[in-house]
Amino acid sequence: MSMPNIAAQTLQRQILSGTYAPGEMLPSQRELSESMGISRASLREALSMLEALGFIRSVPGKGTLVAERQSGRIVAPPLSSQADDNGRALPLAAIYQLRYVLEPAAAALAARHITAAATPRLWGVQARFEDALNNLDLVSAAHADFEFHQLIAELSGNPGVLQVVRQFESPISHSLRVPFADPQRIWPPAVEHRAIAAAISAGDIDGARAGMQQHLVNAAARADIHFDPP
């Protein structure tokens, strides 16, 4: 796990334990980075993750506030766009549309090429995803979520598909985190992943494609994002 992920997990744990209570302002980025022994860049990435997951929100001119999560989605919505690895801003709707073009085909190819050796890898990632959700460790859950989608790209057998997913890791990861901002809807992605994994494991090409298409439409809806499927 990367340093920003570790930092996000540490802050998540402190928020859930009450070290930083809902409505409380976090220490400044300088104080946090020094106390955690990480760079400001890593801290900013960690804070971006936590904002997308609904744990915190930025208050202009004041700093970073621990969000109220018990009543549902945070008051201020997560960021509506995310830069790709080249720094270009991508609206979330564009990210979901791109994923809809790419990932159902990857799932169908994965179902076509699935092997007995690959199946346990797929279910292993799914198990880690569900364990993280059971522990309300949304940072680890989002990380396992990306691993699941990246593994499907790998299992497609097309190195170009995997290359695209890796190239757009930052915006794709962001799009995976945003639906978790609503604490009442953290389990549907796991249920949908199970259906996709089952179809791929069974070599059900049409089922894998349809399962991924529905998963992406549902994920966007959970994040209040609307896109036009091609």
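1. Starting at the tail end: Asp224 sits in the segment after α10. Its backbone is worth a look, since phi of Asp224 is near 60 degrees, a positive value in a residue other than glycine. Most residues other than glycine have a negative phi. Keep in mind throughout that this is a predicted model.

2. Leu136 is another non-glycine residue with a positive phi, here about 55 degrees. You'll find Leu136 in the loop between α5 and α6. Is Leu136 buried or exposed? Neither, quite: its relative accessibility is 46%, so Leu136 counts as partly exposed.

3. Now the rings. Searching the whole structure turns up three aromatic pairs. One of them is Tyr96 with Phe227, a stacked pair with 6.3 Å from centre to centre and 15 degrees between the planes. In sequence terms the partners are distant, 131 residues apart, with Tyr96 in helix α4 (residues 92-113) and Phe227 in the segment after α10 (205-222). Tyr96 and Phe227 are both buried.

4. Phe129 and Phe180 also pair up. Their ring centres are 6.3 Å apart too, but the planes stand at 65 degrees, so this one is edge-to-face. Again distant parts of the chain are linked: Phe129 belongs to helix α5 (residues 119-134), while Phe180 is in the loop between α8 (169-177) and α9 (188-201), 51 residues away. Phe129 has a relative accessible area of 1% and is therefore buried. Phe180 comes out at 1% relative accessibility, so Phe180 counts as buried as well.

5. One more thing on aromatics: ring pairs join Tyr96, Tyr100 and Phe227 into a cluster. If you're looking at the Tyr96–Phe227 stack, bring Tyr100 into view along with them.

6. On to helix packing. Helix α6 (residues 138-155) packs with helix α7 (residues 159-167) at an angle of about 155 degrees, and their axes are 7 Å apart. That angle is over 145 degrees, so α6 and α7 are roughly antiparallel to each other. Which residues of α6 and α7 meet? On the α6 side they are Phe146, Gln150, Ala153 and Glu154, and on the α7 side Val161, Leu162, Val165 and Arg166. Sorted by class, this contact has five nonpolar residues, one polar and two charged.

7. Helix α3 (residues 40-53) passes a simple geometry check. With 14 residues at 1.5 Å each step, α3 should span 20 Å, and its end C-alpha atoms are 20 Å apart, so the two values agree. Its buried residues are Ser42, Leu43, Ala46, Leu47, Met49, Leu50, Glu51, Ala52 and Leu53; note that Glu51 is on that list. What covers them includes α1 (3-17), α2 (29-36), β1 (56-59), α6 and α8. Just past the helix, Gly54 adopts a positive phi of about 90 degrees.

8. α9 gets the equivalent check. It has 14 residues and reaches 20 Å from first C-alpha to last, close to the 20 Å expected at 1.5 Å a residue. The buried residues of α9 are Pro189, Ala190, Glu192, His193, Ile196, Ala197, Ala199 and Ile200, with Glu192 and His193 among them. Their cover includes α4, α5, α6 and α10. Right after α9 comes Gly203, with a positive phi of about 70 degrees.

Key: Residues numbered from 1 in each chain as written. Predicted model: local features only at pLDDT ≥ 70, side-chain atom pairs only at ≥ 80, totals over all residues. Heavy atoms only, no water. Axes fitted to C-alpha atoms, helices over the stretch in contact; angles between N-to-C directions. Helix = DSSP H or I, 4+ residues; strand = E, 2+ residues; numbered from the N terminus. Parallel < 35°, antiparallel > 145°, perpendicular 65-115°, else oblique. Contact = heavy atoms within 4.5 Å. Nonpolar A, V, L, I, M, F, W, Y, C, P; charged D, E, K, R; others polar. Phe/Tyr/Trp six-rings, centres within 6.5 Å; stacked < 30°, edge-to-face > 60°. Buried < 20%, exposed > 50% of the residue type's maximum accessible area, 1.4 Å probe, protein only. Expected span 1.5 Å × (residues − 1).
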